[in-house]
Amino acid sequence: MNKQQLASKIWESANKMRSKIEANEYKDYILGFIFYKFLSDKQVKFLKEHDWTDEYLPDVTEDDAETMEFVRSNIGYFISYENLFSTWIAQGNDFTAANVTDALSAFSRLINTSHKKVFDKIFVTLETGLSKLGESSGARTKAIRDLLYLIKDIPMDGKQDYDVLGFIYEYLISNFAANAGKKAGEFYTPHEVSLLMSEIVADHLKDRAEIKIYDPTSGSGSLLINIGKCVARYMGSDNNIKYFAQELKENTYNLTRMNLVMRGILPDNIVTRNGDTLEEDWPFFDENDPVNTYAPLYVDAVVSNPPYSQAWNPTDKDSDPRYARFGLAPKGKADYAFLLHDLYHLNPDGIMTIVLPHGVLFRGGEEGAIRKNLIENNHVDAIIGLPANIFFGTGIPTIIMVLKQKRDNTDVLIVDASKGFAKVGKNNVLRACDIKKIVDVVTSRSDTEKFSRVVSRDEIRRNEYNLNIPRYVDSSEKAESWDIYASMFGGIPESELADLHEYWQAFPTLKASLFASDNAAYCHAKVADFKDAVFTHPDVAAFTENYRSAFADFDAFLSAELLDRMMELNPSKEESILSDDIFSRLSGIPLVDKYAAYQLLDDVWGKIAVDLEVIRTEGFAAVKQVDPNMVLKKKDGKDQEVQDGWGGHVMPFALVQETLLASNLAALKADEARLSEIAAEYESLLEELSEEDKECDFVNEAKDAFVPKEITKTLKAKDAEPETLAVLRKVSVLMNEEKALKKQVKEAEKDLHILTKKTIEALDDAQAMQLIKLKWVTPLVEKMAGLPAAIINDFIAKLIALSKKYETTFAEVDHQISETESSLANLLGELTGNEFDMQGINELKKLLGGII
């Protein structure tokens, strides 16, 4: 399984296992055990790298003081053999919940002093919560054992481990967040929002050799980690980034530390605090050595997603240097208190991004005064309006505010990104194209119609420092209007055709070919078939050819970039290289939305990136590997994992069958098609029977028999009519063919499955490379090639809709209504009834305009 499949499997099982335990609580248990496995496996790996073998691992105990100190001094902790995760698994039914309690207690005792801040009390949430996993010792033991077996297959000992482990950890956190309701906001920022903030920060810091980043409301630490990953892409080294994190809730604070450690971040680069950010600022001194340390925290980037509009206590905060310059946030809303805290800890050339509720842009009182001070002191760099319902547990509109200590310009970039998203379940999600568009606009500080605008400070002053986005960017769609003249007399308004100006600029002579002028303001269509007229027009043909020419060597470029450089390219940078190439090809081509093209790239890139990770880690032989396809099936009332065939480690069976086993696949498809035909044929024959016959018991018995002899026997016993007998005999023959063919198809499917497995395992390098090209390159080339037709079809749909809009005039509608009323009145005149019926009918005829 790749990391997505493994993560999905673990989540599905964990969600069933948690039973009545709240998702917000259960996450602490499973994530805690994953972290313990990580530490345990890391120690085993360390020992094996220093000449320890499996044979001698049982000797690794606290009694061997020399080994214990050697391990502690190098990795910061020590785990005795009996407490290793692998030992728990090996114990099988001898394992008990007490093993975990003893191990966690020993771990806390044996942390090296140098790593105390990183590991101290890191398992306290897991220790105190074990009792909730079962009412009895036996129940707790079973629940813990099930958890251990669920996560035992997570790999932690190879080149890609941190990526796999980190991915699964993030996947589980996000899914627990989706099920945690309002509590989700306490520990998780959606990955897409995190990525957006990360890209903005990374662009600002990309030329630095070393950086410090800080999240004062760190939650699970995912936001901080994503910032680090994005910045590292430019720096070339993960080890030159120092992470500072502070979190109020102890269980969430422990998630931060676990997450940072599991991503392979050096302990010296992890500085965390469990504290109240607003009440207790980051200390100027190390609490353990206040005399010899003075290190106020100033960093290159601050990122945060604090709790929205949280109550706080501003009493006696007037002299706090974080707030003194700008003012105190109101007691009932701490949003600006968090913002000012972040800004205070920023270096002069640093950048900060913070997620806040939309209300901070326009609320008055103390917040209005702070907002004015921030603008006049030139700290607000950009405001990004996000879609509603984008965060778990709340549907309120939110924004990202970008601030800096020092800026060369005095304007503010305002972006309305509220319309760009995809609906996923109950939430809205930023797509890759939405993130890319926002980041490009922010980094280039560009004006884009209905999306972004650079606003001068003078304009903001004129609006009394109200930063409400609609005041500056109108992202609303044009409301549909109806032309009175065209509605009465027909024709197409030139003003509405002018709304398609982008198309007329791209196709200069097309409009004259499609429409004839009636007068200065109106025209009519002079072609019967818009689709044929548009697609065959020289301007459109030239547009299509221009696009085709721009992408003529795209296949060759992708092959050279992805296939020839497969083992040497940098996966974290490759998507940007491909997008730059696509944007360059599109630079001279009208109508094509480059961000729509980017989304097509990202859709394919997600699959390519997974394959690249596997191939670069495990070698090219992974392409020729097949794995058992394990599924959960009920056995004795319990879910058990059993093998159900095979699956390609990298190569999908379907692709291999379509490419190398096409004739076998075609034969199977033909048999499946015949099965569908048979069912349709005998249903059609049965429809020939009379309604009376269809209801007869003997016909229904015959239909269910499926065996010609049984049908004949049933019919003779019931003395069926000859015609009915003939029909049912035909049906019986078809059913007999169906039965034999079903058996044949089942055997053919099995044979093809085994043949596909053998074919993948026997691939030569050339075949394997060709299949990779078909999986990676061909889909992207085909998707990009389809863009012009999609654009033209959309244009044609607009033309058809516009021509039909005024096709029927009001006069014609009125005439049709009159005719219908008259016809109905005449029909009413033919009705007869008693005195009262006729009075009612005559009154209705009056309303319809008929004559009594």
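These questions and answers go through some of the labels used for this predicted model.

Q: Why is Arg-273 called buried?
A: Buried means under 20% relative accessible area. Arg-273 has 12%, so the label buried applies. Arg-273 sits in strand β3, residues 270-274.

Q: What makes the pairing of Arg-273 and Gln-246 a polar contact?
A: The cut-off for the N or O atoms is 3.5 Å. The side chains of Arg-273 and Gln-246 come to 2.5 Å, so the pair counts as a polar contact.

Q: What makes β2 and β3 a pair of strands?
A: At least two bridges are needed. Strand β2 (residues 241-247) and β3 have five, in the parallel sense, and therefore they pair. Within this pairing, Ala-245 stands opposite Thr-272 of β3. Between the two strands the chain passes through helix α12 (residues 250-262), in a right-handed β-α-β crossover.

Q: How do you know that β1 and β4 pair?
A: Two bridges join β1 to β4, and at least two are required, so the parallel strands qualify. One place to look is Tyr-214, whose bridge partner in β4 is Val-302.

Q: What else does β1 pair with?
A: β1 also pairs with β2, in the parallel sense over five bridges. There, Asp-215 has Ala-245 of β2 as its bridge partner. Helix α11 (residues 222-235) carries the chain from β1 to β2, and this β-α-β crossover is right-handed.

Q: What makes strand β1 mostly covered?
A: Four of the five residues of β1 (211-215) are buried.

Q: Why is Thr-315 called partly exposed?
A: Partly exposed lies between the 20% and 50% cut-offs. At 48%, Thr-315 falls in that range, so the label fits. Thr-315 lies in the loop between β4 (299-304) and α13 (335-344), and its side chain makes a polar contact of 2.7 Å with the side chain of Asn-313.

Q: What makes Lys-142 and Asp-146 a salt bridge?
A: The nitrogen and the carboxyl oxygen must be within 4 Å. For Lys-142 and Asp-146 the N to O distance is 2.9 Å, so the pair counts as a salt bridge. Side chains of opposite charge can pair when their charged atoms come close. Both residues belong to helix α8 (residues 137-151), four residues apart, about one turn of the helix.

Q: How do you know that Arg-461 and Glu-376 link distant parts of the chain?
A: Their side chains meet in a salt bridge at 2.8 Å, N to O. Arg-461 is in helix α16 (residues 457-462) and Glu-376 in helix α14 (residues 365-376), 85 residues apart.

Q: Why is Asp-381 called buried, and why is Arg-445 called partly exposed?
A: Asp-381 has 5% relative accessibility, under the 20% cut-off, and so counts as buried. Arg-445, at 22%, is over that cut-off and under 50%, so partly exposed is the label. The two form a salt bridge with their closest N and O atoms 3.2 Å apart. Both also belong to a salt-bridge network with Lys-404, Arg-407 and Asp-411.

Q: Why can Tyr-485 belong to the nonpolar patch?
A: A patch residue needs over 30% relative accessible area. Tyr-485 has 36%, so this requirement is met. The patch also includes Ile-484, Met-488, Phe-489 and Phe-810, with about 580 Å² of accessible area together. Helix α17 (residues 484-489) gives the largest share, four residues.

How values were computed
Residues are numbered from 1 along each chain as its sequence is written. This is a predicted model: local features need pLDDT of at least 70, side-chain atom pairs count only at pLDDT 80 or more; totals for chains, interfaces and linings use all residues. Side-chain values use heavy atoms; hydrogens and water are left out. Buried means under 20% relative accessible area, exposed over 50%, partly exposed in between (1.4 Å probe, protein chains only). A polar contact is a pair of N or O atoms within 3.5 Å; within protein, one must be able to donate a hydrogen and the other to accept it, and residues adjacent in sequence count only if both atoms are side-chain atoms. Patches are made of residues with over 30% relative accessible area and no salt bridge: like charges are joined within 9 Å, nonpolar side chains (Val, Leu, Ile, Met, Phe, Trp, Tyr) within 5 Å. Accessible areas come from the Shrake-Rupley method with a 1.4 Å probe; for residues, only the protein chains shown count as cover. A crossover is right-handed if, with the strands pointing away from the viewer, the path from the first strand over the helix to the second runs clockwise.
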